[in-house]
Amino acid sequence: MKAFATLYLRLDATTSSNAKLEALRDYFASAPAEDAAWAVYFLAGGRPRQLVPTRVLREQATAQAGLPDWLFEESYQAVGDLAETISLLVPVHADGSNEGLATWVEQYLLTLRGLSPEQVQQRLQPLWAQLDRPSLMLCLKLITGSFRVGVSKLLVTRALAQLAGLDAKRIAQRMVGYTDISHRPTAASYQRLVAAESADEHSQRGGQPYPFFLAHPLQAPTEQFDTLLGPPSAWQIEWKWDGIRAQVVKREGQLWVWSRGEELVTERFPELHSLAQTLPDGVVLDGEILVWKPGDTPAELAVQPFALLQQRIGRKTLGKKLLSDAPVVLQAYDLLEWQGEDWRNRPQHERRWQLERLVEDHPLAPVLLSPLLDGPDWADLARQREQSRSLGVEGLMLKQREALYGVGRTKDMGTWWKWKIDPFSVDAVLIYAQRGHGRRASLYSDYTFAVWDAPAGTQGRALVPFAKAYSGLSDEEMRKVDAIIRKTTVETFGPVRSVTPTLVFELGFEGIALSKRHKSGIAVRFPRMLRWRLDKPVEEADDLATLQALLA
Amino acid sequence: MDLVIARPEGLYCPPGDFYIDPWRPVDRAVITHGHGDHARTGNGHYLTASPGAGILRSRLGQGINLQTLPYGERLIHHGVTLSLHPAGHVLGSAQVRLEHQGQVWVASGDYKVEPDGTCTPFEPVPCHTFITESTFGLPIYRWPSQGEIFAGINAWWRANSEQGKASVLFCYAFGKAQRILHGLDPSIGPILVHGAVEPLNRVYRDAGIHLPQTHYAGDIPRNDPLLRQALVLAPPSAGGSSWMRRFGEYSDAFASGWMLLRGARRRRGVDRGFVLSDHADWPGLLWAIGQTGAERVMVTHGSVNVLVRYLNEQGLDARAFATEYGDEDDVATTEPAL
């Protein structure tokens, strides 16, 4: 546990990727395989479900620290992280346990699940007493499933690749599914990750997808595109769909559908199951799952809002009504495997050409070919992009015609850009604030925003909350807002403060829909602060009519 | 009668007709210590502990009307017996003891209970009513030992120096900087300081505090290889400024009690955080309050509500005093002009 805690401290103490890479290499070079197996799992984002209810942890910590409940709560509010709070309050061991991560996870932690609160309490105290402060914090993060450190999966992949003397893409391929809830890391599974290349590697992959290639946001003004990107003819240009990114894998008569989070979602989309018959073996498609209702509207207007898809994601069982209300298709835009062969190292245009042949040659009902756009220059494409909102898409995707299919957000094999449309925006008033977590602990950084319920000049008009947002401000701005919130507090309810309305922000969001759950009758998607409107008095903030107009 | 009350101008002693650390200009001000939120300009008459005279003059001007009083010596003003006692916070910091008609009050300003070698250590002063700060008034705040922290700072410096990188340590220019200098191992390399730090070093040295040799960072030419071995002390306001460019590649760190929390450390955006505070931690606050034997405790700046509630649950009569004191480790507090 101590070795893993030391790694955590090293990773946490630096923002440099090279320093992190070095720390990872050092750890993996000396860790026993069974410990390394779990370390990869946690660092790459694997999370066992919460092992002990938070309430039990709190009670145990409060009792061991000899504090009243309210003081524990105040401490937690200041720290903003339960594991860290507890590690600061309870007595700890000076040295800490040298037993390995695997022993801790498998013998001490996973076995806590399902025990009664009394049994858990009996077990926790002796466990905690063996750990020093950093190890205890880490152990608690593993128990609560909140372990996170500033390391990307890609960086873990690179560290292992360097250590094993393999290509990072190979490691990434082997890591697919490693953090799936059904996989339990073992010494053997770690050894498979870093083993030398074998001849039958490709045929052993079962239903595994490829690591997804991800796009970078493009934010430059259109006038600079020629300089930045060259002519549009060098690019494959498509709509940016607002759905669920997915890979459809068809091998040996079987079909698998994987989401971007490398989660197996085959069961959730029965509409795609016919592909098990219609797709040839040895095919992997990359595309977007969308709710699609052609009806009597023109085909290009058939895509339905993400909200409808979201309703399906949450459901355990998919009833007939839901399936007919929200039927899905796959808008396919890439071909990663053809005739059992990995095509990722072929250029974009070649993959596209073969994808078009595939869709033409096979009657693939639920698969549509994501159309290409073209235009003489970027200005023309910018005009086409203006239609995005009415078409229900998020903007354009620009894919280098010569790009290979990379891993994650890499750029060395060619680039994908997402050229999104500007978000909706309104000027809203900050009315409640709550303290943040992690880096924002103790700062009032999470805000509730309101608009007026009637136009300016209306007697007795009021502010109605409609969105919460906590991103978009610089640290400097956040400190200033925090100070103003503290000075203008009207009431405090637990961690939340209501304030005298004085602050106006331009809020941006991606989508807007009617909602019965919100007081304002409106729900917005991905709200965030675009800028602080220091120039606007509260009276000039927008009203509900502005939001309703955006709904149309 | 209350010997100290909170007024819009500051903490006021009605029978003595003077203020303690007023935040608006008044006729007579007793100053507990020289940090900007406690010692402000514009007062008619200043009284401070003798070791703090140099600091106060260097910050508020040579021309202020300043009277000094050695620790422990008494003076009587309008029937109030006043004396100053070490607070262990920074050079010259004092608790103000007031006695009037058999009642004793102590206003402690800012204090730290652990001796640090750069100022006279805190002395508990028995009283009926104790006015305490509460900057770190939560049980999560328990300081590691100074030895451990200085070992950490020296090890960080040594590792950077071996990699040919400057070590820039941000800290408050008055008090914290000198305390760090006192704990550094000067055999590791040269020690450079920012222009805001050097004048205060001079005051400390004049007061007989031993500090290792320092150089003004501005005197070292850019690209001088010496920079790559150096430890640089600078106020937080220097971070991100063009002044930093001269150091080329460097590692940075921040020294403050707030660095105990991971969130605060990450928010600061520096490579390392060293938990070094000039304030009492939670056990320190409770120990100091207990040592005074006071039955009544007035709590100022920090976690006021928490400490008031906790002390009341412990059977003391604790109340809040609203003040405008800040926290010198917080960058929101403006840096003093020097």
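Two strands count as paired here if DSSP finds at least two bridges between them. The model on screen is predicted, and the tour starts in chain B with a sheet that rests on this pairing rule.

**Stop 1: the sheet of chain B**

Select the strands of chain B that make up the open sheet: there are six, in the order 1-2-3-4-5-6, with mixed pairing. Colour strand 1 (5-7) and strand 6 (66-69) of chain B separately. Each of these has a single partner strand and stands at an edge, so one side of each has no neighbour in the sheet. Looking across the sheet, neighbouring strands are turned against each other by 35 degrees on average, direction ignored.

**Stop 2: strands 5 and 6 of chain B**

Zoom in on residues 45-49 of chain B, which are strand 5. Strand 5 runs parallel to strand 6 of chain B, and four bridges join the two. To find one bridge pair, select B:Thr48 and its partner in strand 6 of chain B, B:Thr68.

Now add residues 53-60 of chain B, which form helix 1. Helix 1 lies across strand 5 and strand 6 of chain B, and runs at about 160 degrees to strand 6.

**Stop 3: the domains of chain B**

Colour chain B by domain: domain 1 covers 5-141 + 278-320, and domain 2 covers 146-274. The C-alpha centres of domain 1 and domain 2 of chain B lie 29 Å apart. Where the two domains meet, domain 1 of chain B contributes 17 residues and domain 2 of chain B contributes 15 residues. On the domain 1 side of this contact in chain B, six residues are nonpolar, eight polar and three charged.

**Stop 4: where chain B meets chain A**

Show both chains. The contact between them involves 14 residues of chain B and 23 residues of chain A. On the chain B side, select helix 5 (262-268) and helix 7 (304-313), each of which supplies at least two residues. Helix 5 of chain B gives the most to this side, with four residues. By class, the chain B side has seven nonpolar, one polar and six charged residues.

**Stop 5: helices 4 and 6 of chain A**

Move to chain A and select helix 4 (residues 54-65) and helix 6 (residues 82-89), which pack at an angle of about 20 degrees with their axes 9 Å apart. Angles under 35 degrees count as roughly parallel, and therefore helix 4 of chain A is roughly parallel to helix 6 of chain A. The crossing of helix 4 and helix 6 of chain A is left-handed. Show side chains for A:Thr54, A:Leu57, A:Ala61 and A:Ala65 in helix 4, and for A:Leu82, A:Ile86 and A:Leu89 in helix 6, which make the contact. This contact has six nonpolar, one polar and no charged residues.

**Stop 6: helices 6 and 9 of chain A**

Keep helix 6 of chain A and add helix 9 (residues 133-144) of chain A; the two pack at about 145 degrees, with axes 8 Å apart. Here helix 6 of chain A passes helix 9 of chain A in a right-handed crossing. The residues that meet include A:Leu82, A:Glu84 and A:Ile86 of helix 6 and A:Arg133, A:Leu136 and A:Lys141 of helix 9. By class, this contact has six nonpolar, two polar and three charged residues.

**Stop 7: the domains of chain A**

Finally, select 216-420 and 424-551 of chain A, assigned as domain 1 and domain 2. Their centres, taken over C-alpha atoms, are separated by 35 Å.

Key. Residues are numbered from 1 along each chain as its sequence is written. Chains are lettered from A and ligands numbered from 1 in the order in which they are written. This is a predicted model: local features need pLDDT of at least 70, side-chain atom pairs count only at pLDDT 80 or more; totals for chains, interfaces and linings use all residues. Two residues are in contact if their C-beta atoms, placed from the backbone, lie within 7 Å. Ala, Val, Leu, Ile, Met, Phe, Trp, Tyr, Cys and Pro count as nonpolar, Asp, Glu, Lys and Arg as charged, and the others, Gly among them, as polar. Axes are lines fitted to C-alpha atoms, for helices over the stretch in contact, and angles run from 0 to 180 degrees between N-to-C directions. Angles under 35 degrees count as roughly parallel, over 145 as roughly antiparallel, 65 to 115 as roughly perpendicular and the rest as oblique. A crossing is left-handed if the near helix is turned anticlockwise from the far one by less than a right angle, and right-handed if clockwise. Domain bounds come from an automatic or database domain assignment.
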